[in-house]
Amino acid sequence: MPITALYWLLLAVMGVGVIGAVVPALPGAILILGAIIVWGLVNGFAGLGIPIAVTIVVLLANSLIDFLATYLGAKQAGASKWGQIGAIVGLLLGVFGLLPASLIGGPLLGLLIGPLLGAIIGEFLYRRDLKLAVRAGIGIVVGTLIGNLIEGLLALIAMIVFIATTWPQVMG
């Protein structure tokens, strides 16, 4: 495979990684790191220290963002641990298509509806107040979505750093 074709293929993989950083249950920054490593194996790792370091920082930051975004969204909405656990269970059920919405709309719809329903059910079981349960469920989902958008932005930055570092040697 010509080096330019490989480069474009790896950029496409990185693009999927950026999307995966935003969409739950899809690989994100790990795809970007994998593509950088493949590029390094083929062309030598010269000049890839910064892109690799940035991508590793993004991977670590994404783990922290996942936790903080969900926690802060839940805290702002007054959710309990029951709501948070319900959101996780709902996410898993949604991903694997075990919710009625997932059967109709596929796993992506399940990813959106699952955590909301799970958080509402978990919070309702704990508090027995539907209004508070719905508020907590929405807070958890909003926090998670904001976190996913931040993760996507960080993944995009990692991809841009790679392109800025390698573009001149590939296209120049």
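1. Helices α2 and α3 run roughly antiparallel to each other in this predicted model. The angle between them is about 160°, and angles over 145 degrees count as roughly antiparallel, so this pair receives that description. Their axes lie 9 Å apart, and the crossing is left-handed.

2. Which residues make the contact between these two helices? From α2, the contributors are A29, I30, I32, L33 and I36. From α3, they are P51, I52, T55, I56, V58, L59 and N62. For orientation along the chain, α2 covers residues 29-43, while α3 covers residues 49-77.

3. A search of the whole structure returns one salt bridge. E123 pairs with R127, and the closest N and O atoms are 3.1 Å apart. Both residues belong to helix α5, where a spacing of four residues places them about one turn of the helix apart.

4. Are the two partners of this salt bridge buried or exposed? E123 has 0% relative accessibility and therefore counts as buried, the limit being under 20%. R127, at 31%, counts as partly exposed.

5. Confidence should be kept in view when these points are read. The protein chain has a mean pLDDT of 84, with 88% of its residues reaching 70 or more. Confidence is highest in α2, at a mean of 93, and lowest in α5 (residues 100-127), at 74. The helix packing described above thus involves the helix of highest confidence, whereas the salt bridge lies in the helix of lowest confidence.

Terms used: Residues numbered from 1 in each chain as written. Predicted model: local features only at pLDDT ≥ 70, side-chain atom pairs only at ≥ 80, totals over all residues. Heavy atoms only, no water. pLDDT = per-residue confidence, 0-100. Salt bridge = Lys/Arg side-chain N within 4 Å of Asp/Glu carboxyl O. Buried < 20%, exposed > 50% of the residue type's maximum accessible area, 1.4 Å probe, protein only. Axes fitted to C-alpha atoms, helices over the stretch in contact; angles between N-to-C directions. Parallel < 35°, antiparallel > 145°, perpendicular 65-115°, else oblique. Left-handed = near helix turned anticlockwise from the far one by under 90°. Contact = heavy atoms within 4.5 Å.
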